Amino acid sequence: MGYVLLAGAIAAEVAATTAMKYSDGFSKLWPSVLTALGYVVAFLLLAQTLKTVSVGTAYAIWAGLGTAAIVVIGAVFLGEGLSFTKFAGIALIIGGVVVLNLGGAH
C-alpha cells in the first residue's frame, strides 16, 4: 500500500509543478490554487508512505520519478527541448532509483 500512496504523491507533485508553470508567477488564481493544493496532497501522501517505506527509498523514488516526469511533460506538452543529455540524465536518475531498491534501501 505504501507504494500506491507514493505513486499518488508523485502524481500530485507532478500536477502541482505543471500547474505552477501555468500560474505565471502565482499571478493567475486557479493555476496557483492547483499548485498549492497539489503540494499539500503530495506531502500528505508522502507522509503516509513513510509509515511503511523507508525515507531514503521513498524520497529517492519521489524525487527521481517526479523529476523525470516533469522533464517529459516539458518536452511533450510545453515545447521544451529534450536533448540527448537530458535523456541521459533521466536514465541515470531512474537507474539510481533502481540501484537503491536493489541494494536493500528499504
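**Group meeting: a four-helix chain**

Read along the sequence, this protein chain follows the pattern α-α-α-α, with 4 helices and 0 strands, where helices (H or I, at least four residues) and strands (E, at least two) are DSSP runs numbered from the N terminus. Before going further, I should say that this is a predicted model, in which local features need pLDDT of at least 70 and side-chain atom pairs count only at pLDDT 80 or more, while totals for chains, interfaces and linings use all residues. Residues are numbered from 1 along each chain as its sequence is written, and side-chain values use heavy atoms, with hydrogens and water left out.

Let me begin with the chain as a whole. Taken along the principal axes, its C-alpha atoms fill a box of roughly 45 × 35 × 15 Å. Of the 106 residues, 28% are buried, by which I mean under 20% relative accessible area, with exposed being over 50% and partly exposed in between (1.4 Å probe, protein chains only). If we take the contacts, meaning heavy atoms within 4.5 Å, between residues at least 6 apart in sequence, then 66% of them join residues at least 24 apart.

Now to helix α1, residues 2-22. This helix has 21 residues and reaches 31 Å from its first C-alpha to its last, close to the 30 Å expected at 1.5 Å a residue, the expected span being 1.5 Å times one less than the number of residues. Its buried residues are G2, L6, A9, I10, A12, E13, V14, A16, T18 and A19, and these pack against α2 (29-49) and α3.

What follows α1, and what is the sign of its phi? The residue is D24, and its phi is positive, near 55°. D24 lies in the loop between α1 and α2, and F26, also placed in the loop between α1 and α2, has a phi near 65°, again a positive value in a residue other than glycine. As background, most residues other than glycine have a negative phi.

Helix α2 contains T49, which counts as buried because its relative accessibility is 0%. Leaving aside residues up to four places away in sequence, T49 touches G2, L5, L6 and A58.

I turn next to the pairing of α3 with α4. Two packed helices are described by the angle between their axes and the distance between the axes. Here the axes of α3 (residues 55-77) and α4 (residues 84-102) come within 9 Å and cross at roughly 160°, where axes are lines fitted to C-alpha atoms, for helices over the stretch in contact, and angles run from 0 to 180 degrees between N-to-C directions. That makes α3 roughly antiparallel to α4, since angles over 145 degrees count as roughly antiparallel, under 35 as roughly parallel, 65 to 115 as roughly perpendicular and the rest as oblique.

The crossing is left-handed, which is to say that the near helix is turned anticlockwise from the far one by less than a right angle. On the α3 side, T57, A60, I61, G64, L65, T67, A68, V71 and V72 meet I90, I93, I94, V97, L100 and N101 in α4. The residues of this contact divide into 11 nonpolar, 4 polar and no charged (Ala, Val, Leu, Ile, Met, Phe, Trp, Tyr, Cys and Pro count as nonpolar, Asp, Glu, Lys and Arg as charged, and the others, Gly among them, as polar).

Finally, a word on T67, which is found in α3. T67 is partly exposed, with a relative accessible area of 39%. T67 and E13 are 54 residues apart in sequence and 9.8 Å apart in space, C-alpha to C-alpha.
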